[in-house]
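Dear colleague,

Here is the structure I said I would pass on. My notes on what turned up follow below it.

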Amino acid sequence: MRRFVTSESVTEGHPDKICDQTSDAVLDELLRQDPNSRVACETFVSTGLVIVGGEITTNGYVDLPNIVRNLLRKIGYCHEFGFCPETCAIINGIGRQSPDIAQGVDVGGAGDQGMMIGYACNETPELMPLPIALAHRLTYKLAEMRKNKTLSYLGPDGKSQVTIEYENDKPKRVDSVILATQHTEEILDENKNRITKQARDELIEKVIKPITGDWIDDRTRYFVNETGKFIIGGPQSDTGMTGRKIIVDTYGGIVPHGGGAFSGKDPTKVDRSAAYMARYLAKNIVASGMAERCRIDFSYVIGVAEPTSLEINTFGTGKVEDEKLSQEIKKIFDLTPKGIINKLNLLRPIYLKTASYGHFGREDSDFTWEQTDSVDLIKKAF
């Protein structure tokens, strides 16, 4: 059976990602000062404007204008790219968390209701689906080439998209690659309405091919800045909001998404912590050899510690029945918010770097949900 699967990624300069990073930068600063901070922080950006709002209860303090301006500089925005860190307006709309919520969370209950999904498969060394893994590597490569001045004409905003042809549920080849990157006027053709063929070829050779490697062939299609040019980008061209890239943040559409975003939320919010735990468990199950693919679904209710449901699906690749696997996982691991926070050591200022290039499949010691330190425990259980 043949099928095609597509996933996308965006750079750190994409308007939505500016917002995710801002919300997580606020979270990190508060966790640095007060690990028990309760944070639900949302950001909105538009032309020359940043609005930060939400509900926060903390003993810490955030110099919001300083955090926002430093972040924008780090991302790479300046007057040339239509969003100036020095002169943009910053509005603070943060209030306090409702005590009605706190009374259920303070005693160990979940910070919200909802569904959380984790996934792992053996398509890549990091046990992620190949389409989203390649898409993230492409946008990261764009940022790398911009920051080290290899391609000095690149701007902070950009996107990638990869379509993989599968055969019998195994990735076979890259069918198409899309790259859209903000740039300066220096690579426009003489008519000033398209980038030059030289620039297009350079992006294919220096960005796309080093990432896609042997997965491409002579039938692979490349789409580079297909509108012609991409000079006006970032918040100057499009509004951004926290939580609008939840599929980019997770598995690229390979599996369903529970619906909750991650950025700007402290770990008592199971939208974030339980999704991280679901990834951790799915990855350890696949890494243990118990399955080639694994999806884990949690659900929680606000104020209650234990999950209301846990379901495991190994898509027929499991060495034991899915129901048996679910029963054993519930016995082995503490799946309460407190248990998850302790297991993954989540009360730390580690979240800003999760807010671009995906929350999963990353090689970073702070991404504790990516560790495979429970493989032996799972093997022993069976």
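Which residues does Leu325 touch, not counting residues up to four places away in sequence? They are Ile285, Ile312, Thr314, Val320 and Phe382. Please keep in mind throughout that this is a predicted model.

Leu325 itself is found in helix α8, residues 322-332. With a relative accessible area of 1%, Leu325 is buried, since buried means under 20%. Between the C-alpha atoms of Leu325 and Gln33 there are 40 Å, and the two residues are 292 apart along the chain.

Nonpolar cores

In soluble globular proteins, nonpolar side chains tend to be buried together. The largest nonpolar core in this model has 70 residues. Those with the most contacts inside this core are Met277, Leu281, Ile285, Ile296, Phe298, Tyr300 and Trp369. Helix α7, residues 270-287, supplies the largest share of the core, 11 residues. Trp369 touches Tyr276, Arg279, Tyr280, Leu344, Leu346, Ile350, Thr354, His359 and Phe360, again leaving aside residues up to four places away in sequence. Another core lies apart from the largest one and has 27 residues, including Ile164, Leu179, Ile187 and Ile211.

Helix α9 and its packing against α7

Helix α9 covers residues 337-344, and its buried residues are Pro337, Gly339, Ile340, Ile341 and Leu344. What covers these buried residues of α9 includes α7 and β10 (293-300).

How do α7 and α9 cross, and at roughly what angle? Their axes come within 10 Å and cross at roughly 60°. That angle makes α7 oblique to α9, and the crossing is left-handed. On the α7 side the contact is made by Val270, Ser273, Ala274, Tyr276, Met277 and Tyr280, and on the α9 side by Pro337, Ile340, Lys343 and Leu344. By class, the α7 and α9 contact has eight nonpolar residues, one polar and one charged. Two residues of this contact also appear above: Met277 is among those with the most contacts inside the largest core, and Leu344 is one of the residues touched by Trp369.

Two other helix pairs

Two packed helices are described by the angle between their axes and the distance between the axes. Helix α4 (residues 130-147) and helix α5 (residues 197-212) have axes that come within 9 Å and cross at roughly 140°. That makes α4 oblique to α5, and α4 passes α5 in a right-handed crossing. From α4 the contact takes Leu134, Arg137, Leu138, Lys141, Leu142 and Met145; from α5 it takes Leu203, Lys206, Val207, Ile208 and Ile211. These residues divide into eight nonpolar, no polar and three charged. Ile211, part of this contact, is also among the residues of the 27-residue core.

Helix α1 (residues 15-33) packs with helix α2 (residues 64-75) at an angle of about 130°, and their axes are 10 Å apart. That makes α1 oblique to α2. The crossing of α1 and α2 is right-handed. Here Ile18, Gln21, Thr22, Ala25, Val26 and Glu29 of α1 meet Leu64, Ile67, Val68, Leu71, Leu72 and Ile75 of α2. The classes in the α1 and α2 contact are nine nonpolar, two polar and one charged.

Residues with a positive phi

Most residues other than glycine have a negative phi, and most peptide bonds are trans. Which residues have a positive phi although they are not glycines? Lys192 has a positive phi of about 65°, and Tyr357 has one of about 70°. Lys192 lies in the loop between β7 (170-183) and α5, whereas Tyr357 is placed in the loop between α9 and α10 (375-381).

Are these two residues buried or exposed? Lys192 is partly exposed, with a relative accessible area of 46%. Tyr357 counts as buried, at 7% relative accessibility. Asn345, just after α9, also takes a positive phi, of about 55°.

Regards

Note on methods:
Residues numbered from 1 in each chain as written. Predicted model: local features only at pLDDT ≥ 70, side-chain atom pairs only at ≥ 80, totals over all residues. Heavy atoms only, no water. Axes fitted to C-alpha atoms, helices over the stretch in contact; angles between N-to-C directions. Helix = DSSP H or I, 4+ residues; strand = E, 2+ residues; numbered from the N terminus. Parallel < 35°, antiparallel > 145°, perpendicular 65-115°, else oblique. Left-handed = near helix turned anticlockwise from the far one by under 90°. Contact = heavy atoms within 4.5 Å. Nonpolar A, V, L, I, M, F, W, Y, C, P; charged D, E, K, R; others polar. Core = buried A, V, L, I, M, F, W, Y, C linked by side-chain atoms within 4.5 Å. Buried < 20%, exposed > 50% of the residue type's maximum accessible area, 1.4 Å probe, protein only.
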